[in-house]
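Subject: Structure for your pocket work

Dear colleague,

Please find below the structure that I promised to pass on, with my notes on its pockets after it.

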Amino acid sequence: MDTIRIVIAELPRFPELAHAQFSQGKMPYFESVRCYLLAEHEAGTVRVEDVDLAATQFLGMISNYVFWPTLLVPGWEVSAERVAQVVDEAVRTIAARYAATGPGASTDD
């Protein structure tokens with residue numbers, strides 16, 4: 001977190017730091033989730049028309065509780081159990097929205 005705080009503080013002077021942090025920090029996770037959702041869409045297990053949006057939604061649900069408060073609130077700590085619960089709920093939410101069948105399934109092509 002200290003490194004990210006430094007990057008944010010130095011953005012005005014070194015914008016390349018933000019690009020490096022984004023491309024090497026966030027993008028590998030985003031790309032992994034995006035590729036997974038695309039593969040599941042192609043396999044017919046989910047119906048995701050916009051995999052970039054779905055990947056962003058999934059990671060946002062997690063980072064909003066785990067990452068941002070840790071970055072911004074001194075002393076904020078999240079237990080491993082709570083992280084697991086947050087991730088599980090994000091998975092369940094995405095699964096409910098994009099399932100190929102069942103509640104929340106899209107019926108338009």
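The notes that follow deal with the two pockets and the residues that line them.

This is a predicted model, in which local features need pLDDT of at least 70 and side-chain atom pairs count only at pLDDT 80 or more, while totals for chains, interfaces and linings use all residues. Residues are numbered from 1 along each chain as its sequence is written, and side-chain values use heavy atoms, with hydrogens and water left out.

The largest pocket (on a 1 Å grid over the protein atoms alone, an open set of points where a 1.4 Å probe fits, with protein on both sides within 12 Å along at least five of seven lines) has a volume of about 660 Å³, a volume being the space filled by probe spheres set on the points, which are joined across faces, edges and corners. Of its 18 lining residues (those with an atom within 4 Å of a point), Gly25, Lys26, Tyr29, Ser63 and Phe67 are the closest to its centre. Two or more residues come from each of helix 1 (2-10), helix 2 (15-43), helix 3 (51-63) and helix 4 (67-72), helices being DSSP runs of H or I with at least four residues, numbered from the N terminus; helix 2 gives the most, with seven.

The second largest pocket holds about 240 Å³ of space, and its lining includes Ser32, Tyr36, Glu40, Phe58 and Tyr98. Helix 2 and helix 5 (80-98) each supply at least two residues of that lining, and helix 2 again gives the most, with five.

Best regards
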